[in-house]
Amino acid sequence: MTEDRALVSRILEGDKQAFRLLIRQNEKLVAHMVGRLIHREEDREELCQDVFLKVYEKIAEFNFQSKLSTWIATIAYRMGINHLRKKKIDLTDIPEEERYSAHFISRDDPQGIMEDSEIETMTLKLIDQLPPHYKTILTLYHVDQMNYSEIGEVTGMPEGTVKNYLFRARNLLKEKVKKHLGKEQLL
C-alpha cells in the first residue's frame, strides 16, 4: 500500500514516468479483465486504452480502501460490462471462437511441451465458452490470484455470489472438458 500511495502521489504531481509505471504494472491485469469480456481485438485494444484514460482521470478519487490494482481491475471490469451493454451483447452469450496465446515454461521434453501446450490451449478455449461473468471470476481467482473479497470489489458482487459463480464456473468447465475429451476418444 505504501508503494501505491507513493505512485499515486507522483502521478498527482504530474510525473508522467509514474503513470507509465502504473500502466506497465497493470497492463496484464487490464488485458485479462477486458479480454475475458470483449472478443473483438480492435474493441479490446481500444477499451484497454480507455481504462487507463479513466484511471488517469479518476486517480485523485482513489481512496486507498483497496489495493490500487483492485481499483484498476474494477474500472476495467465495469467498462467492459458497459461496453457489452452499449453494444447490446447479451452477457450470457457464449463466444464460439477466440484464441489467447499461452505462455509455457520450457522443459527438456518436447512431447511434454506439446501436450502441455495442447491442454492449455484447449482449457483456455473451453473457458472462453463460459458466460462472461464466470470466465471473469475464474480468471481473477486462478490467473490474477485475487481472493473472494477482492473479486467482489472488482465485480460489485457479494462474496457469496463470487463463491457461487466460481463453483458454477468450475463445474461448467469440468463438464465442457468431459465432453471435449469424449469427442477426442471418438476420433
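Here are some numbered notes on the structure above, which is a predicted model.

1. **The overall build.** Start with the helices: the chain has eight of them and zero strands. If you walk along the sequence, the pattern you meet is α-α-α-α-α-α-α-α. The chain has 187 residues, and 38% of them count as buried. Take the contacts with a separation of 6 or more: residues 24 or more positions apart account for 70% of these.

2. **How long is helix H3?** Helix H3 runs over residues 41-58, which makes 18 residues. At 1.5 Å a residue, a helix like that should span 26 Å, and the C-alpha atoms at its two ends are indeed 26 Å apart, so the expected and the modelled span agree.

3. **The two faces of H3.** Which residues of H3 are buried? They are Asp 43, Arg 44, Leu 47, Cys 48, Val 51, Phe 52 and Val 55. These residues cover an arc of only 165° around the axis, which means that they sit on the same side of H3. Now turn the helix round: the face pointing away from the buried side carries Gln 49, Leu 53 and Glu 57, which are exposed.

4. **What lies over the buried side.** Have a look at what covers the buried residues of H3. Among the elements doing this are helix H2, residues 16-37, and helix H4, residues 68-86.

5. **Salt bridges around Arg 40.** Side chains of opposite charge can pair when their charged atoms come close. The model has six salt bridges. One of them joins Arg 40 to Glu 42, with 2.9 Å between the closest N and O atoms. Arg 40 also meets Asp 43 in a salt bridge, at 3.3 Å from N to O. Put together, Arg 40, Glu 42 and Asp 43 are linked in a network of salt bridges.

6. **Buried or exposed in that network?** Arg 40 has a relative accessible area of 47%, so it is partly exposed. Glu 42 is partly exposed too, with 48% relative accessibility. What about Asp 43, buried or exposed? Its relative accessible area is 12%, and since the cut-off for buried is under 20%, Asp 43 counts as buried.

7. **A salt bridge across the sequence.** Lys 67 pairs with Glu 150 in a salt bridge, and their closest N and O atoms are 3.0 Å apart. Where in the chain do Lys 67 and Glu 150 sit? Lys 67 is in the loop between H3 and H4, while Glu 150 belongs to helix H7, residues 148-155. They are 83 residues apart, so this pair links distant parts of the chain. Lys 67 is partly exposed at 41% relative accessibility, whereas Glu 150 is buried, with a relative accessible area of 12%.

8. **The second largest pocket.** This pocket has a volume of about 280 Å³. How many residues line the second largest pocket? The lining has 13 residues, and Asp 4, Gln 25, Asn 26, Leu 68 and Ser 69 lie nearest the centre. Helix H1, residues 2-12, supplies at least two residues of the lining, and so do H2 and H4. The largest share comes from H2, with six residues. You have already met H2 and H4 in these notes: both help to cover the buried residues of H3.

Key. Residues numbered from 1 in each chain as written. Predicted model: local features only at pLDDT ≥ 70, side-chain atom pairs only at ≥ 80, totals over all residues. Heavy atoms only, no water. Helix = DSSP H or I, 4+ residues; strand = E, 2+ residues; numbered from the N terminus. Expected span 1.5 Å × (residues − 1). Buried < 20%, exposed > 50% of the residue type's maximum accessible area, 1.4 Å probe, protein only. Arc of directions from axis to C-beta. Contact = heavy atoms within 4.5 Å. Salt bridge = Lys/Arg side-chain N within 4 Å of Asp/Glu carboxyl O. 1 Å grid on protein atoms, 1.4 Å probe; cavity = no way out; pocket = protein on both sides within 12 Å on 5 of 7 lines; lining within 4 Å. Points joined across faces, edges and corners; volume = space filled by probe spheres on them.
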